[in-house]
Amino acid sequence: MNKEMTKKELDIVYFISFCIEQYKVHISASGAEVMDLFDKYGVTEYLFENFEVLHTESHV
């Protein structure tokens with residue numbers, strides 16, 4: 001079954017990938033290393049669950 005993502009789901013995915021990229025540059029790590037850290041500490045879930053509030057913040 002092929003389920004297309006909703007606009008909101010896509011927005012959340014783009015937001016999380018943006019956070020990964022920004023943090024990757026900040027700590028000079030690979031994307032895989034950042035994903036491991038995010039998974040270990042529940043950051044991805046936190047970003048997903050709090051998207052509505054967090055995506056309005058500046059990246060600086």
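**Exercise 1. Is Glu-21 buried, partly exposed or exposed, and how does Glu-21 pair with Lys-24?**

Keep in mind as you work that this is a predicted model.

*Solution.*
- Step 1: Start with the accessibility. Glu-21 has a relative accessibility of 39%.
- Step 2: Apply the cut-offs. Buried means under 20% and exposed means over 50%, so at 39% Glu-21 counts as partly exposed.
- Step 3: Look for the partner. Glu-21 forms a salt bridge with Lys-24, and the closest N and O atoms are 3.1 Å apart.
- Step 4: Check the spacing. Lys-24 and Glu-21 are three residues apart in helix 1, which means that about one helical turn separates them.
- Step 5: Treat the partner in the same way. Lys-24 has 23% relative accessibility and therefore counts as partly exposed.

**Exercise 2. Find how many salt bridges the structure holds, and work through the two that involve Lys-7 and Lys-8**.

*Solution.*
- Step 1: Begin with the total. There are three salt bridges in the structure. As a reminder, side chains of opposite charge can pair when their charged atoms come close.
- Step 2: Take Lys-7. Its side chain meets that of Asp-11 in a salt bridge, at 3.1 Å from N to O.
- Step 3: Place this pair. Lys-7 and Asp-11 are four residues apart in helix 1, so about one helical turn lies between them.
- Step 4: Compare with the cut-offs. Lys-7 counts as exposed because its relative accessibility is 62%, while Asp-11, with a relative accessible area of 30%, is partly exposed.
- Step 5: Move on to Lys-8. Its side chain forms a salt bridge with that of Glu-52, with an N to O distance of 3.1 Å.
- Step 6: Place this pair too. Lys-8 belongs to helix 1 and Glu-52 to helix 4 (residues 51-54), so this salt bridge ties together parts that are 44 residues apart in sequence.
- Step 7: Finish with exposure. Lys-8, at 45% relative accessibility, is partly exposed, and Glu-52, at 46%, is partly exposed as well.

**Exercise 3. Describe the fold of the chain, then work out how helix 1 packs against helix 2**.

*Solution.*
- Step 1: Take stock of the elements. The protein chain has four helices and zero strands, and from the N terminus on they run α-α-α-α.
- Step 2: Get a feel for the dimensions. Along its principal axes, the C-alpha trace spans about 35 × 30 × 15 Å.
- Step 3: Read off the geometry. Helix 1 (residues 7-27) and helix 2 (residues 31-41) pack at an angle of about 110°, and their axes are 9 Å apart.
- Step 4: Classify the angle. Values from 65 to 115 degrees count as roughly perpendicular, so helix 1 is roughly perpendicular to helix 2.
- Step 5: List the residues that meet. Helix 1 brings Cys-19, Ile-20, Tyr-23, Lys-24 and Ile-27, and helix 2 brings Gly-31, Val-34, Met-35, Leu-37 and Phe-38.
- Step 6: Sort them by class. The contact has eight nonpolar, one polar and one charged residues.

**Exercise 4. Identify the residues of the largest nonpolar core, and find which helix gives the most to it**.

*Solution.*
- Step 1: Recall the background. In soluble globular proteins, nonpolar side chains tend to be buried together.
- Step 2: Name the members. The largest nonpolar core has 10 residues: Ile-12, Phe-15, Ile-16, Cys-19, Ile-20, Ala-29, Val-34, Phe-38, Leu-47 and Phe-51.
- Step 3: Assign them to elements. Helix 1 and helix 2 are the elements that give two or more residues to this core, and helix 1 gives the most, with five.
- Step 4: Zoom in on one member. Setting aside residues up to four places away in sequence, Leu-47 touches Phe-15, Ile-16, Cys-19, Phe-38 and Leu-54.
- Step 5: Put the core in context. Of the 60 residues in the chain, 18% count as buried.

**Exercise 5. Decide whether Thr-44 and Gln-22 are buried or partly exposed**.

*Solution.*
- Step 1: Locate both residues. Thr-44 is in helix 3 (residues 43-49), and Gln-22 is in helix 1.
- Step 2: Test Thr-44. Its relative accessible area is 18%, so Thr-44 is buried.
- Step 3: See what surrounds Thr-44. Beyond its neighbours within four places in sequence, Thr-44 is in contact with Ile-16, Met-35, Phe-38 and Asp-39.
- Step 4: Test Gln-22. Its relative accessible area is 35%, so Gln-22 is partly exposed.

How values were computed. Residues are numbered from 1 along each chain as its sequence is written. This is a predicted model: local features need pLDDT of at least 70, side-chain atom pairs count only at pLDDT 80 or more; totals for chains, interfaces and linings use all residues. Side-chain values use heavy atoms; hydrogens and water are left out. Axes are lines fitted to C-alpha atoms, for helices over the stretch in contact, and angles run from 0 to 180 degrees between N-to-C directions. Angles under 35 degrees count as roughly parallel, over 145 as roughly antiparallel, 65 to 115 as roughly perpendicular and the rest as oblique. Contact means heavy atoms within 4.5 Å. Ala, Val, Leu, Ile, Met, Phe, Trp, Tyr, Cys and Pro count as nonpolar, Asp, Glu, Lys and Arg as charged, and the others, Gly among them, as polar. A salt bridge is a side-chain nitrogen of Lys or Arg within 4 Å of a carboxyl oxygen of Asp or Glu. Buried means under 20% relative accessible area, exposed over 50%, partly exposed in between (1.4 Å probe, protein chains only). A nonpolar core is a set of buried Ala, Val, Leu, Ile, Met, Phe, Trp, Tyr and Cys residues joined through side-chain atoms within 4.5 Å.
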